[in-house]
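Trainee: Please take me closely through one part of this model, going strand by strand and then to whatever packs against the strands.

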Amino acid sequence: MPISSTRDIQWRKISASDQNVLEVLDTACRQADGDEPVSNLIGDAISNAEANFPTLCGLADDNIIAAGWVKPGLQRIDLGGRVHPDWRRLGVGEHLLTWSEEQALGMIQSHDPVKIIITNEALTPGAHLLYIRHGYQQL
């Protein structure tokens, strides 16, 4: 059952051993949002964790209810993540996106322009509004 505050969620890094619980999150998101061919929640989360890039998952009752990662690249930093449908509109996505942006900004080491990219993650109207509020533009 959802809680009223992100303070009640335990946050930690994603690890390779999270694959099974990430599958539960992925299945719930696909059932609610439909399939989308661009991202691979499980593969992206695990590969970023194994590469020691920033990752974060939120746990409630030993279930991962949100997962996010930040992947640096040349002149761009990719952000990815998902929130379980039962936990949306409670500030969890806001927390995850804010954390991702802070991690991305901390990676920028030059004065050269760097794009922060979310690739086709706005699968729901709520996610789209969240990204717009954070200043993202659709390309």
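Mentor: Strand β3 (residues 63-73) and strand β4 (residues 76-83) pair in the antiparallel sense over eight bridges, where pairing asks for at least two DSSP bridges between two strands, and where strands (E, at least two residues) and helices (H or I, at least four) are DSSP runs numbered from the N terminus. The model is a predicted one, in which local features need pLDDT of at least 70 and side-chain atom pairs count only at pLDDT 80 or more, whereas totals for chains, interfaces and linings use all residues. Residues are numbered from 1 along each chain as its sequence is written, and side-chain values use heavy atoms, with hydrogens and water left out.

Within the pairing of β3 and β4, A67 stands opposite R82 of β4, and the hairpin that these strands form has two residues between them, with Q75 at a positive phi near 60 degrees. β3 is also joined to strand β2 (residues 55-60), again antiparallel, by six bridges, and here A60 faces N63 of β3. β2 and β3 likewise make a hairpin with two residues between them, and in its turn D61 has a positive phi of about 55 degrees.

Now to helix α2 (residues 41-50), whose buried residues (under 20% relative accessible area, 1.4 Å probe, protein chains only) are L41, I42, A45, I46, N48 and A49. They lie on the same side of α2 because they cover an arc of only 165 degrees around the axis, taken from the directions from the helix axis to the C-beta atoms. These buried residues pack against β2, β3 and β4, and also against α1 (19-33), contact meaning heavy atoms within 4.5 Å. Just after α2, N52 takes a positive phi of about 65 degrees.

Methods. Buried means under 20% relative accessible area, exposed over 50%, partly exposed in between (1.4 Å probe, protein chains only).
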